[in-house]
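Dear colleague,

I am handing over the structure we spoke about, with the sequence and the coordinates placed just below. Please have them open while you read, since the notes that follow go through what was found.

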Amino acid sequence: AEAPPAAPAPAAAKSTPPPAVAAETLTALPRGKGLPVVVRTGVCFVNLESVEENEGAFVATIDLRVRWVDLRLRYAPAEAPDGFKEFRGAASEARLAEMWAPDVLLTNMVGEPEYQVRGLRIYPDGRVELMQRTTARFATTFDVERFPFDRQKLKVEMVSRLESQERVAFDFRQDDLSFCKAATGVGVDGWTTGLVDLRREPEAGWYGDSHARLVASLEVTRKPGTSLAPIFIPLFASLLIPLLAIWLNRVEDGEFQIEAFELANVIIGGLFAVIALNFTVYSEYQMLASGDNLVARLFGLNYITLAVSLVTNIVLFHFQVLRK
C-alpha cells in the first residue's frame, strides 16, 4: 500500500514588520535617547541683499543647520564610504518624507521664499544633519534712538510648534556657535556686519506648554557718514537763524535800527525752512518719526529756539520793554 502524502510545511513567520508599520515607526518621534529630542541649531548668513528700515525688514540668504540623533537610522559604516549618506534636492525631500525630522518654521519670514533647497546627511551612528538654504525677506525691529551711530540686530526666528519643548528642544554648542557667522564679504551699502548671536526664547503654547524657539541675530553697524551731511549740517545751520535774527539788531542813539516785523519775517522764513527739512528727512527715514532719537530732538530744539527768538524780538524790539 502507498503511504499517504505528507502535509505541507507551515509557512515561516515574517520577522520584519509590514512596510506601512516600518514607515510609521520611522516618522514617529525618536525616543532612543530619551526625551526631549535635542535639536542642535545654527544659522549662517550667506548674503545680505538689503536693509529696509522704513519697512522694518531685510532681505538675506541664510543657511539653517539642524542636527539630531535617531538611533533607528543606524547602518553599517561599510555602506557609506564617504562616512555618511547624502541626499540633495528631490532625493532629500523623498528621504525626509520617510523619517522624522524636526518641524522648524522661520516665523518672521515675509511671504514665500525666493529660493529654498534642502540637503540631508545621515551618519552610521544615527546622527542626522539637515541643511536648508533660504533666500527671503525677514521682518525685524529697528531701534533708532542712537541714530546715526546706532547698531541694529537683523533677526531670524525659528520655532518648532508640532511638539512641546518637553519633547523637542533647541540647543547649541561651541561648534554650532562657530557655524553661526556672516560669510566673508557679506555686507550692504551703509552698514558694516558683525557677529551672529544665538538666544533661546521659548514661545507659549496651548494648555500651559511652551515650544522651542531660537533667535539668531546678525549685528550690523550703521556708517554715519551717509547721513551726517544731508541731515545734521542743515539742522545745525537752521539753529543759527534765531540767533541771526537777534544779532541783526543794532542800536544807534538808543534806538533799534531794524524793525521787528523784518526780524519776524526772518524767523518765519526759518520756520518754513525747518518744516521743509522735517518733511524731507521723515520722508526718507520714516522710522525716525516713530520714536525718540537725536534727529527728533534737534527738530524740537529748532522749533523752541525759533519760538524764543520770535518772542524776544516782539517783547524787546517792538514793545521796547527794556527801554521802558
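A residue is called exposed here if its relative accessible area is over 50%, buried if that value is under 20%, and partly exposed in between. By that scale tryptophan 206 is exposed, and tyrosine 207 is exposed as well. Please keep in mind throughout that this is a predicted model.

To begin with the whole, the protein has 13 strands and seven helices, and of its 324 residues 40% are buried. The protein exposes about 18,700 Å², of which carbon and sulfur atoms supply 58%. Where contacts join residues at least 6 apart in sequence, 74% of them link residues at least 24 apart.

A good place to start looking is strand β2, which covers residues 57-69 and is largely enclosed by the rest of the structure, because twelve of its 13 residues are buried. Strand β2 pairs with strand β1 (residues 37-52) in the antiparallel sense, over eleven bridges, and within that pairing leucine 48 stands opposite alanine 60 of β2. The hairpin that β1 and β2 make has four residues between the strands, and there glycine 56 takes a positive phi near 65 degrees. Strand β2 is also joined to strand β6 (residues 127-139), again in an antiparallel arrangement, by 13 bridges; in that pairing, tryptophan 68 has valine 128 of β6 as its bridge partner.

The aromatic rings come next, and a search of the whole structure finds six aromatic pairs. One of them is formed by phenylalanine 58 and phenylalanine 138, which count as stacked because their ring centres are 5.5 Å apart and their planes meet at 25 degrees, an angle under the 30 degrees that the term requires. Since phenylalanine 58 belongs to strand β2 and phenylalanine 138 to strand β6, this pair ties together parts that are 80 residues apart in sequence. Phenylalanine 58 is buried, at 0% relative accessibility, and phenylalanine 138 is buried too, with a relative accessible area of 0%. Tryptophan 206 and tyrosine 207, the exposed residues named at the start, form an edge-to-face pair, with 6.5 Å from centre to centre and 80 degrees between the planes.

Another residue to look at is serine 164, which sits in the loop between β7 (151-160) and β8 (168-171). Although it lies in a loop, serine 164 is buried, with a relative accessible area of 12%. Apart from its neighbours within four places in sequence, serine 164 is in contact with Asp209, Ser210 and His211.

Two helices complete these notes. On the surface, Ile268, Leu271, Phe272 and Ile275 form a nonpolar patch, and together they have about 350 Å² of accessible area. Isoleucine 275, one of these residues, is placed in helix α6 (residues 260-284) and counts as partly exposed, at 39% relative accessibility. In helix α7 (residues 294-318) you will find isoleucine 304, which is exposed, with a relative accessible area of 52%. Isoleucine 304 lies 9.8 Å from proline 242, taken from C-alpha to C-alpha, while 62 residues separate them in sequence.

With kind regards

Notes. Residues numbered from 1 in each chain as written. Predicted model: local features only at pLDDT ≥ 70, side-chain atom pairs only at ≥ 80, totals over all residues. Heavy atoms only, no water. Buried < 20%, exposed > 50% of the residue type's maximum accessible area, 1.4 Å probe, protein only. Helix = DSSP H or I, 4+ residues; strand = E, 2+ residues; numbered from the N terminus. Pairing = 2+ DSSP bridges. Patch = residues over 30% accessible without salt bridge, like charges linked within 9 Å, V, L, I, M, F, W, Y side chains within 5 Å. Areas by Shrake-Rupley, 256 points an atom, 1.4 Å probe, with all protein chains shown as cover. Salt bridge = Lys/Arg side-chain N within 4 Å of Asp/Glu carboxyl O. Contact = heavy atoms within 4.5 Å. Phe/Tyr/Trp six-rings, centres within 6.5 Å; stacked < 30°, edge-to-face > 60°.
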